[in-house]
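Me: Got a fold here I'd like to talk through. Can we go over the core, one helix and the odd backbone spots?

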Amino acid sequence: MGVIINCKHLRLFLFLLWAILALSCKDNTVAVQEPEPSSEYTPLRSVAPFPVGVALQSNRLSSGPHSQVVRTVFSSVTAEYEMKMRHLTDPSGNYVWGPTDALVAFAKEYDMQVHGHTLVWHQSTPSWLENFSGTDAEFEDAVEDYITNVVGRYKDDVVSWDVINEAFEDGSGALRNSVFRRRMGPDYIARLFQYARNADPDVLLFYNDYGTIWDAAKRDAMFSMIDDLQTRGIPIDGIGLQMHITYNTPSLNNIVAVMDAIVQRGLLIHISEMDVRVNPQGDLSELTTGRSELQKQRVKDIVMAFMDLPEANQFAITWWGLRDPESWLIDFWGNPEWGLLFDAEYRPKPAYDGFLEALTEN
Ligand code: G3I
């Protein structure tokens with residue numbers, strides 16, 4: 001007995017057949033989707049009128065999502081530790097170029113600038129120099145040779161260097177009693193800048209520090225040094241404000257006041273190591289929506305303040321890491337912390353949106 005099937009029944013049957021086939025073919029495994037930055041959100045580098053940087057380690061260049069997000073979102077890299085003296089040389093004083101060459105090659109491949117961090121830092125002085133057995137003059141020759149070799153090697157690849165990092169004591173503003181201060185004398189900083197300039201006439205030379213916003217003695221010592229260097233014609237091009245801050249301190253007014261003082265001296269401003277702690281009191285065990293929104297507003301406020309500077313003084317804004325779990329903040333402060341723009345799953349946080357809003361609403 002033939003079954004009379006009219007067109008309506010046929011369409012319904014065919015639809016049901018398609019639906020069954022579609023469902024049965026659906027991949028039941030939940031594929032872990034690597035982030036597709038270009039489709040999920042606007043890369044900062046595509047809208048920022050200045051370089052936006054990130055601290056990077058060479059061991060993270062090969063991992064898929066990490067390097068993919070870095071090269072898509074950012075236009076500048078800073079070596080988080082591998083361009084420091086203790087890591088650029090081995091205990092015998094021989095150079096170890098591999099990791100930094102890899103970082104420079106990565107940046108060149110993805111049209112990113114490289115900021116050199118840092119030629120001299122008391123916390124990253126290698127044992128071969130700390131325990132140098134020669135005369136003070138020979139010590140200074142070794143320092144000059146190091147600067148000449150490192151700046152010279154990356155002459156065409158590194159646009160800027162932190163010549164010295166964190167030279168002044170917290171609270172007093174006194175010159176730290178580092179081996180450089182002890183063996184080269186109180187005027188050693190001027191000579192470090194001169195050696196770097198001699199190695200590359202075009203590279204931009206920075207002084208980099210933290211606390212120069214809330215520590216008046218340290219700030220005054222920094223500006224006194226800058227004024228002295230400028231008066232003597234010692235080359236200095238910019239100041240790095242590390243910007244390791246919290247969601248509510250220091251005040252925006254104090255940040256703007258220091259940036260204005262740098263502008264008055266005709267120098268570039270690099271927000272050089274930005275992160276925004278949301279758990280300074282250790283009261284959070286997870287990132288709350290409220291604290292995340294405060295972080296977003298904080299980022300927006302600071303980026304807008306940076307954009308209010310004369311363009312000639314805007315060097316770059318660099319984040320001190322990509323994802324929250326990778327941040328130095330966690331070990332250093334001993335609290336759970338979510339100080340960066342991306343979460344553990346490489347997803348942009350509201351703080352990222354705050355950065356974008358500052359760039360696009362300005
Ligand atoms: O990755 C190596 C690992 O392979 C090795 O086994 C291990 C033991 O030697 O070291 C690991 O490297 C460590 C690196 O962090 C990555 O975790 C280095 O030892 C360690 O010294 C390095 O610490 C860095 C620190 O500066 C000292 O260089 C931090 O990542 C970095 O965030 C921190 O950054 C400083 C800025 O340069 C200056 N301003 C303050 C800021 C925070 O302290």
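Here are some questions and answers on this model.

Reply: Heads-up: this is a predicted model, where local features need pLDDT of at least 70, side-chain atom pairs count only at pLDDT 80 or more, and totals for chains, interfaces and linings use all residues. Residues are numbered from 1 along each chain as its sequence is written, and side-chain values use heavy atoms, with hydrogens and water left out.

Me: Which helix gives the largest share of the largest nonpolar core?

Reply: A nonpolar core is a set of buried Ala, Val, Leu, Ile, Met, Phe, Trp, Tyr and Cys residues joined through side-chain atoms within 4.5 Å, buried being under 20% relative accessible area with a 1.4 Å probe, protein chains only. The largest one here has 103 residues, with Leu44 and Phe74 among those with the most contacts inside it. Its largest share, 8 residues, comes from a DSSP run (H or I, at least four residues, numbered from the N terminus), namely residues 188-199, helix H9.

Me: How far apart are the end C-alpha atoms of H10?

Reply: The expected span is 1.5 Å times one less than the number of residues. For the 16 residues of H10 (216-231) that comes to 22 Å, and the model agrees: the ends are apart by 22 Å.

Me: Is Tyr346 buried or exposed?

Reply: Its phi is near 60 degrees, a positive value in a residue other than glycine. Tyr346 sits in the loop between helix H13 (328-333) and helix H14 (350-361). With a relative accessible area of 11%, Tyr346 counts as buried.

Key:
Buried < 20%, exposed > 50% of the residue type's maximum accessible area, 1.4 Å probe, protein only. Helix = DSSP H or I, 4+ residues; strand = E, 2+ residues; numbered from the N terminus.
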